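Colleague: Thanks for sitting down with me. Could we go through the charged pairs and the cysteines together?

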Amino acid sequence: IKELPNTIENTVNERLYKEIKRFDEKICAINEASQKMGAVYGIKDADQKISLLNDIIQLYPDTYNARITLGYEELRANPSNINAMCDLVALYDSIGENRNAIKYARQAIETDLSTKDYMLNDERLTEDLKRKIIEIN
């Protein structure tokens, strides 16, 4: 029984150390992703920019604006990129920006009519947005 306080203290310290280490690793990933995101805006070559954005998303998926910037860059590199349009639809829908989601849904459907069926079955999209997509001619 006399050893119980030491055992508890050692267990708590071990768990605390693991959490601090995990937190430090996450902070480092966030900082690295943030620095790389800043560098993205200075790159002129679309392929390099897209590659760096993919690296950023791999490093820290929640990096502010990385996925939307990637979608725009993919569209800039290939204006008829249906996948980029659909990704932007899903991203905008996920953050509640229906106007932009509808804008890219309409653009995707105008590019390829079969995209409408794809979006209506896309699990990433809300039912509310899907109802609006149905109304797009």
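Colleague: Which residue forms a salt bridge with R76, and how many Å apart are the closest N and O atoms?

Modeller: Happy to help; keep in mind that this is a predicted model. A salt bridge here needs a Lys or Arg side-chain nitrogen within 4 Å of an Asp or Glu carboxyl oxygen. R76 has such a partner in helix α3, 3 residues away, or about one helical turn. That partner is E73, and the closest N and O atoms are 2.7 Å apart.

Colleague: Are R76 and E73 buried or exposed?

Modeller: The cut-offs are under 20% relative accessible area for buried and over 50% for exposed. R76 has 59% relative accessibility, so R76 is exposed. E73 has 6%, so E73 is buried.

Colleague: Which helices hold K49 and E73, and how many residues apart in sequence are the parts that this pair ties together?

Modeller: The side chains of K49 and E73 meet in a salt bridge, with 3.7 Å from N to O. K49 lies in helix α2, residues 46–59, while E73 lies in helix α3, residues 66–77. The pair therefore ties together parts whose separation in sequence is 24 residues.

Colleague: Is K49 buried or exposed?

Modeller: Buried means under 20% relative accessible area. K49 has 10% relative accessibility, so K49 counts as buried.

Colleague: Which residue forms a salt bridge with R131, and where do the two lie?

Modeller: The closest N and O atoms of this pair are 3.8 Å apart. Both residues lie in helix α7, residues 127–134, and are 3 residues apart, about one turn of the helix. The partner has 33% relative accessibility and counts as partly exposed. R131 is paired with D128, and both are in helix α7.

Colleague: Which residues do salt bridges that share partners join into one network?

Modeller: E73 forms a salt bridge with R76, and E73 also meets K49 in a salt bridge. The one network consists of K49, E73 and R76.

Colleague: How many salt bridges are there by this rule?

Modeller: The pairs we discussed include K49 with E73 and R131 with D128. By this rule, the count is 10.

Colleague: How many disulfides does the structure hold?

Modeller: A disulfide needs two cysteine sulfur atoms within 2.5 Å. Among the cysteines, C28 is exposed at 51% relative accessible area, whereas C86 is buried at 3%. The number of disulfides is 0.

How values were computed. Residues numbered from 1 in each chain as written. Predicted model: local features only at pLDDT ≥ 70, side-chain atom pairs only at ≥ 80, totals over all residues. Heavy atoms only, no water. Helix = DSSP H or I, 4+ residues; strand = E, 2+ residues; numbered from the N terminus. Buried < 20%, exposed > 50% of the residue type's maximum accessible area, 1.4 Å probe, protein only.
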